[in-house]
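I opened my notebook for a structure that was new to me. Here is what I looked up, step by step.

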Amino acid sequence: MTQAKAGDTVSIHYTGTLDNGDQFDSSAGRDPLEFVVGSGQIIPGLDAAIPGMAVGDKKDVNVPAAQAYGEHNPDNQQAVPRAQIPAEIPVEIGTQLQMQTPQGQVIPVTVADVTEAEVTLDANHPLAGKDLNFAIELVEIKAA
């Protein structure tokens, strides 16, 4: 039976949960996730679980934060004077916004805190600092 290896294009169905059981993503009802094993297209801890699997294999994988979206970095938070944010932009905690760097790169941010004077924006990935759990099933291998 063919086993997945680095360089193969594979398709997986998955359900991702946090340690408390909350589901953060799933391919249920969608096409499976397709990627090249070892290419860096998905988080490292999940990518590393694929080699050696065969079509139809199922596996539960725990991915520590360092092998997922990294640790939460306080340097990725920035307080912005409230007056610099246009009044029509919602600034409730948890709101997803986009910022643009001076070089023109668009960065997704989340409103982390709001006071009368300033709004704290967090550019960390929403899953940074969290250990992730995946139930995966390998559904296809296209050999390299």
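I started with a hairpin-sized question: how do strand S7 and strand S8 pair? Strand S7 (residues 106-114) and strand S8 (residues 118-122) run antiparallel and share four bridges; two strands pair if DSSP finds at least two bridges between them. Across this pairing, Val114 faces Val119 in S8.

A note on the source: this is a predicted model, where local features need pLDDT of at least 70, side-chain atom pairs count only at pLDDT 80 or more, and totals for chains, interfaces and linings use all residues. Residues are numbered from 1 along each chain as its sequence is written, and side-chain values use heavy atoms, with hydrogens and water left out.

Next I followed the sheet outward. I found four strands in an open, antiparallel sheet, ordered S5-S8-S7-S6. Strand S5 (77-81) and strand S6 (96-100) each have a single partner strand, so one side of each has no neighbour in the sheet. On average, neighbouring strands here are turned by 45 degrees against each other, direction ignored (axes are lines fitted to C-alpha atoms, for helices over the stretch in contact, and angles run from 0 to 180 degrees between N-to-C directions).

Then I stepped back to the whole protein. I counted one helix and nine strands (DSSP runs numbered from the N terminus: helices are H or I with at least four residues, strands E with at least two). From the N terminus, I read β-β-β-α-β-β-β-β-β-β.

Last, I noted the box filled by the C-alpha atoms: roughly 60 × 35 × 30 Å along the principal axes.
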